[in-house]
Structures are given as structure tokens and as C-alpha cells.
Amino acid sequence: MTTTNAKSGLSMVEVLMLPPQQRKLVQWMMKRSHEGVTLTEASFKIDLNQQATLDLLDELVDQGFVQEILTSDDDEVKYQINLVAKRGIQQQNLSKTLAPGNPLAIIFNPSADYAVQAGSRFEISVTVSNKGAESALIDVFIDDLSPQLTQWCDAPRQRLALSPESMGEIFFQFQVPITAIPSTYNYMIVVDAPDHYPEDTPIRHQSQLQVLPAIETVVKVSDPTFSLLPLTSSRSPAPIPPGGILQVSVNVHNRSNRVDRFRLSCLDFDESWFSVHYPEGLQTVGLIIPNMGLNLNPGEKGEITLLLNPPLNAIAGLYYPTIQLYSANNPDLALLDVIYLEILPSYQLLTELMTVVGRVRRKGGVFEVKFTNLGNTSREIICRTIAADEDKSCTYAISSERLRLIPGEQVQTQVTVTPAKWWHRPLFGSGRLVNFRIELEDQQQLPLPYNSLPGTLVWEPRPWWQFLLVLLLGLGTLAAIAFLIWWLLRPPAPPKIRQFNSPDTTYKQANNDFIRLSWEINNPRTLRTLSLTGLFADGTTAVPPIVYQFNGKIPNELQQFCQMGAVLTCANVPTDARKPGSYNFELQAFSRRNPDRAADVVKTNTIQITPIPPLPQPEIVEFFSTKSIYQQVADSSSDIPYIVPCTNTGRIDARTSLEPICLNWKVNNLNQIKELALIGRSSEGIVTTPLKRYDFSKDISSELTPKCTKAKNQLNCSNVLVQNPGSGNYIFELQVISKTESEQPIASKKTDVIQVQFLPSKILQFQVDNQERTKYPILLNPQQSSQSINLSWQVEGSPNMKVELLPVPGNVTPAGAIAYPISQQPGSETITLQVTNPAGEIISRSVIIETLLPPVPPAGVNQIPELPGVMIPSSGQPPVSPAPTSPTPTGSPSSPSSPSSSSPSTPQPGSPTPSQPGKLSPLELPPGFD
């Protein structure tokens, strides 16, 4: 039996609009759409009781999104999702609203930053709608630049196949490990359809994931605890002024039955942002306790002072660093707490008005307004220029009215003041002062040092020679009267060519164009003939002379092109100029009174007929290296240096001895490429990679076939391997030689500087008698004339690095071992392993050798008592002479790697047994503090 609702089903848009619990249930049921689910299965999946799950299912059934199915076998009710493919115009309008102008509409859930606890599981859903006209394969993946989330995700790369006007959803499941460091992780989700929508994809979504410390639900009675003062929260953080200091008291309680040492660290801040101060240790005769932690006896409480001192340029806002307390007895115990602090804002802003051009005559004055953000908040300033004079004789223009400043940034805008009313310019004197002011406004209504900046422009007076204009005006009036008399008594005016040109200055041979001419002639009634001649630019005849006979009327060949009135107007008169080249036409007008001499001659400007254009030449669009920095390293099986591979993952391929540099380029108009030339030079211009030529006369060069592809007459080459010259700075140049040009390159492009760095040196091993120790005590054997220890080391780094063993023997090989003789006198000696790379950087590791005299055993005792932490060389025998031994001072430090540092509960050979069962003897108790 099946029951359905009147509604048609559930769409993907409606899934996204459901409440969180219903959406989680529906998404799980969609994966099992081919079969029904029982109430028990649904209750277990969403982690609710059956009654609450039944209420959710009933609501979905009432809405028509889920249908009930009664099986015939056991009469058990099952639930099945009721989906539809489309919801008509309403769904289409919603998809178009999500991403206007893009064929793909994307919905990310969650769309903003997200916070989870370490050890928890969460998911991110991506809904993709194909609004285009074709089906598409769509890749949805987490970018490789987010390595942490890629490792935590079950399936970081997924694919969708969507038909037009359809929608699909992808889920990324993440498992955050319990050991994840609490911090903020940036990640990017990329939606790409390179085969179907290459111009509109990829689409990138940048977000952040806040990993919070894991909450330990079980706290042992013996575990240490700590608390922070002052108490803070996200709603009441501790305020810190810019450059100020916040003192935090960390109260630590050692609840175990052992002496413990505690250290404090702030995981989210740089070391320059905080400092930790431990209380001074107790000092007795022969015992100095360094200030390296808080030492607490069992059940004792202590205080650590944490000083938070953010730098003066720290951005204002809320910070919540994680405080972690380390226990020496329980190094795996995670003691975490969070302190909330707020760096108070500072609104210091330096404003200056500088005069660039302050005195003008005809041009405008230039002023510059400079802003310097000395605070720790972003500022957005609006500048407006206002005239201070009543007549407003100038116009004002500002290059940028809205300026945005980040902390520490300096920006400027330019104000141009141009006099607009020329008649207001003074005739004499020291000039006219034009006053204005620049009004400043903060977009966020933050305080400003000045609300307005006054400015003054000096408009200089007119030059003295302009007074002559009055005299010239009088002379001009007399000349006009004389001209009027001459005009009335003048003879009939000869024809005058007023205008002679071509409608177009450029014609195209591809359009089968020919040159047309237009002219205007005054006094056409006195015109007898017109002579038209066409010449090439070099002076040779291009068009034979054409003579038009007028004699008071328009000739027949010009009837359809000319009109005669007070002016003879001829337009678009055709000529025989059809060949490509540059032409100059000459028009001569002859009058009736003097037919042998031209009354007026006018030439046109150069008129061109352009030939059919040649094919487009190749052009280098992109040319760059896959990486800007390469790391020179040494193969473990070879002394030959090699280069980190071209990929950006930073992984080293140990199978190759020398990895070349990889180059990428894009070149347009592939069909016109004859040859590509590639050469590499150092930053000083010295050729380091010889010239390499690739032949493209027939097709893509065979050497580049695996690396290059052709798309729309464009050559795309990726990861082209070139010879690597070794460590240094290099620049590669790509040259293009065309098929239609000479052997000289028509285009070239250079890469940015590519840097090959030295391998950083690293001390892998430095041991004394096969032990890694910083202090090595040795019990002398008086019966031997000489004793020695075995030193072994192993260093990794550049092949030409320098390895030294100091003070002797000096230079040694990167890996080796020697027998080092020790002094037979009590004392200490420091042996240092020092490594210097080719760049001059030095790293070292040292060990202190202490030689001690053996204690004299008491009378009647033939064996020397063992001292904790003191080594007896294998070649020596303890002395036989008895003598009283000196007791070891309480709290004497011992090396962590010494054999005597074993657990007190396990008796060592030669150590006294406990006086009482279940209790430790005084010699077996751990060090304590008075």
C-alpha cells in the first residue's frame, strides 16, 4: 500500500529551504531513493528518538515530500522520498537569481565561516544548477592549496553530469582528527566545467574553518588543572590599547603525587606577541635551577605570568588565542583554555594639503591631498571641493573622491582648480586670490583631525602687451572701412575654390573601392574650366588630367554630382584611382577673363587606398615558469644535486638526480609560426642555457608534442622541460619567428627572475656511544692510562657544505664516526659539531663530556657504589681502594636519556631494595623542592 500527498514532490530548491534536521534526513533518504527506510533506521541516522523522528516524517508526508510504503511481507511501514526533476518557472527564476549572467548557479552550505571541535565530523554541501543550453560535466573539488582539509575529506574531488535546466548536489564529508591543532584554516572550493563552459569557469568559493580545542569529558583526579585571570568571554573580552600589555595570571594546581614541571605556550600568537614569566627557582649550595618552567611539589599551587603585548601595528578587533599548559610528567596530556582579548581601535590619521602648482595664468592649479593612516583600523575618506568665493569663477576636479586606507597605508588624491571665466582675470596688480576648501568626511563617521582643508590659488594678471588690443581695435575699424570701400568698387571676383577634399581619407582595396572627390567653388558664374589631376606620393601621374567645360553651366558628366547657385557644390565625383597607394589630387579653376592662367589651385591631403591586409602575426600571450623558486637538494643515493619537481606541492621525487626547470607559454596565430627559439641567461646577462629552436614549419614541433596543444589557432605549452644550470638567478626568453617575415624574431617575451636556492643544512644525528645526549658524565678508571668515547654523526645538506668537529679534528665528512680520547683528569669538555652551508649560514650541536673520579667505597666493601647518571666506559674497571662515598645532593639534575632515569618503581641492578614493601627507599624517591 502506498500513500501520497496531492503535491507533486520535492525539488532540490525546497531541500535547501528545509530545517536542518529535516534536510539531513531528506539528504540521507535521497541516497537510498531506490528503497524505503524504516523508522528505526531513520532514528539511528539522525540520532533522535523514534517519537521525534516520527514527527519529522509525518511533517514531510503532509507536505508531499515523503510517501509511506506498506510492505506485504511483514506489514512494516517504510518511507520513500518523493522527488521531482523540475518545478517549472518558479525554479528557473530562482536559479537565475542565484548567479545572473552565468550558466552555472552555485549554492554553498555553509556559505560563511564555520567552527568545529577537534575530533568531530561535519559536511559541506554544494548545489549546482545548469542554466545553460547544453549538457555539461562539472568538476567540484577542494583546491590543493588547502592540504589540511584535503586530508580530512573522504572524497575531495567529485563530478556532476547535468543536463540543461537541471540541478545536482555534492556532499564533502570531513573528519577532523582529535590531534588537529586549534587554529583557523583557509580552504577553497572550485567548480569547473572546462569542456563545456571554459569562459565562465572556474568558480571559486573562499571560506574559513575554525577548529576549536577538543573538550575532554573525563578529568582524572590526579591530572593537573589551571585557571586564567582575568576571566574573559566572547561577550566581555579583555581590552588592550594599541601597543599596550595585558597581564594574565595562570594559576596551576599539581594534583598528582609527583613533582612536576609546567610550561606555558600560546599556540595562535607569534612569539613576539607574548612573553611567559615563571617564578624564580630556589637556590642552594651547589644547585642552580634555571627559570625554564614552574616546578610544583605534589599538591602544591603556583602562578605563571603571561604578558600579552601585541605590536603597535596590530589590527583592531577580537582575538581568541588558545593557551596550552604542558606537563613534564604527562607530555600527552592536553590542557587547553581560551582567552578573549580585544585590541582597541586607534583612529590616528595624518592629513596634508600640498601645493603643486599654486600660481597660474591660463592653465589650472594643482593641489595634492595626502592621507597617512597611523591607526589600526581601515578608513574610508570622502573628499569634496567647495568654492569659498561668491562668484565661483573656477571649476574644481578631484582625481578620486573616495579613498580607502588600510592601517599603515599612505594614499593621495589630486585636486585641479581651473579658472573658467576669462574676463575675471585681473589686468594689473599682484594677481587675484581664489579661495577654496576641501571638505573631508569619514564614511564610517570616525573622528578626523580636520574636517576641511583651506587652499588658495593665485591667478596672475594679464601681460602688459594686451593693452595694445585697444589700439589694434581702432586700427581694425579703419581697415574695415577701407575694405568696405574696396569691396563696393572691386571688379568681378574670379572663381575661388573654397573646399576640395575626399569624403574618406582611406579606402580599402578589399572592398573594391575607388576614390571620390568633393569640392565647393565661389563665383561659379565666372568659371570657364576645371582641371583635375591625380598624382602618386612620389610625384608620378596616377590619374590622367580631366578637364570640365562650364561656360556658365554644369557639364553633362557632372550633372548628377553637382549643383550650381551662389556656390558650385560637387559631391562624390568618381575618379579612376583604384590601385593601392597614396594619392594627391590637384584642382585648377580657370576664369573667363583669363583662361590661360589658373585663378585658383588647391590640393587635397594624402588619400590612401590600403591593400588587402596581411595575415595576423603571432603574438606571445603568456610566458612564465611553473615556480619562481626552486630548492636545490641532494639525492640520498647520489652526490649530484637535483631540483624540486615542477608541481607546487613541494614534494621531492627521490627517483631522479636532476629535475629541470618547467616553462609554460601561450602563443596566438599558430598557423603563422615558423620557429620558436628559447634561451636562458643569468641575472647578469650571461647565457646559461644554450639557444634551443623548435621547428613549426609543418606542424607542432615533435619535441613539444607531449607538452603542447592547439586550441582555436593558439599554441598552449605546459611544463616544457629545460636544462637547469644550478643554483642562482635566471631569466628565460622566448622568441617567435614568423613564416612571412625575415629570420629576425617578430615577438619576444621574458620570464620573471627564477631563483634556485641552496639546500638547507640539517644535523640528523650526533651521538656519544650510540646515545643522543647534551651532557655525558664518565667515571674515570685510575688503572687505565687512557680512555676514549665513540663519536658518530650524520649531516644532510648541500654537497659543498663544510662539516667541522670542534675543537678537534676540524673538517670531517658529512657522515662518520671516530674514537675520541678523554682526559684522565676530572673536569668538563665541550665537543661541537658545526655545519656551514655555501651561503655562510651555520648550525651546530654540542655535547658536554664530564670526567669524574670514582668514589672510595667504605671499609670492607670491594665494589664501588654506582652513581646515578654516571657512565663507566666499557674498557675500564672500577678502582679497588675503599673510600667513603659522597652522597648525591637531593634534586641533582640528570639527563633524560641517562640509564639512571628509569622509573623509580623498577629497581636497578646495584640499587638498594625498599625497606618496606610497597614503599620507596629514600634513595629511590624523585627529586623534590624545599
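A contact here means heavy atoms within 4.5 Å. The structure is a predicted model, in which local features need pLDDT of at least 70, side-chain atom pairs count only at pLDDT 80 or more, and totals for chains, interfaces and linings use all residues. Residues are numbered from 1 along each chain as its sequence is written, and side-chain values use heavy atoms, with hydrogens and water left out.

**View 1. Thr232 and the residues it touches.** Thr232 is located in the loop that runs between strand 12 (225-229) and strand 13 (238-240). Helices (H or I, at least four residues) and strands (E, at least two) are DSSP runs, numbered from the N terminus. Leaving aside residues up to four places away in sequence, Thr232 has contacts with Pro237, Ala238, Val338, Ile339 and Tyr340. A polar atom of the Thr232 side chain lies 3.0 Å from the backbone nitrogen of Tyr340.

**View 2. Gln787 in strand 55.** Strand 55 covers residues 787-796 and includes Gln787. With a relative accessible area of 3%, Gln787 is buried; the classes are buried under 20%, exposed over 50% and partly exposed in between, using a 1.4 Å probe and protein chains only. Between a polar atom of the Gln787 side chain and the backbone nitrogen of Asn781 the distance is 3.2 Å.

**View 3. Aromatic pairs of Phe483 in helix 7.** Rings of Phe, Tyr and Trp (its six-membered ring) pair if their centres lie within 6.5 Å; planes under 30 degrees apart count as stacked, over 60 as edge-to-face and the rest as tilted. The whole structure holds 14 aromatic pairs. One of them joins Phe483 and Trp486, a tilted pair at 5.5 Å centre to centre with 35° between the planes. Both residues lie in helix 7 (residues 468-489), three residues apart, or about one turn of the helix. Phe483 is partly exposed at 48% relative accessible area, and Trp486 is partly exposed at 49%. Phe483 also forms a tilted pair with Trp487, at 6.2 Å centre to centre and 35° between the planes. In helix 7, Phe483 and Trp487 are four residues apart, about one turn. Trp487 has a relative accessible area of 40% and is partly exposed.

**View 4. An aromatic cluster of Phe269, Trp273 and Tyr319.** Ring pairs link these three residues.

**View 5. An open sheet of three strands.** The strand order is 4-6-9, with antiparallel pairing. Because strand 4 (104-109) and strand 9 (166-175) are the edge strands, each with a single partner, one side of each has no neighbour in the sheet. From one strand to the next the twist averages 15°. Strand 6 (residues 121-130) pairs with strand 9 in the antiparallel sense over ten bridges; two strands pair if DSSP finds at least two bridges between them. Ser125 stands opposite Phe171 in strand 9.

**View 6. Stretches with pLDDT below 50.** pLDDT is the predictor's confidence in each residue, from 0 to 100. The protein has a mean pLDDT of 79, and 81% of its residues reach 70 or more. Residues 85-100 have pLDDT below 50, and this stretch has 25 contacts in the model beyond near neighbours in sequence. Over residues 874-930 pLDDT stays under 50, with 73 contacts beyond four places in sequence. Where pLDDT is low, the predicted coordinates should not be read in detail.

How values were computed:
Axes fitted to C-alpha atoms, helices over the stretch in contact; angles between N-to-C directions. Polar contact = N/O pair within 3.5 Å; in protein donor to acceptor, adjacent residues only side chain to side chain.
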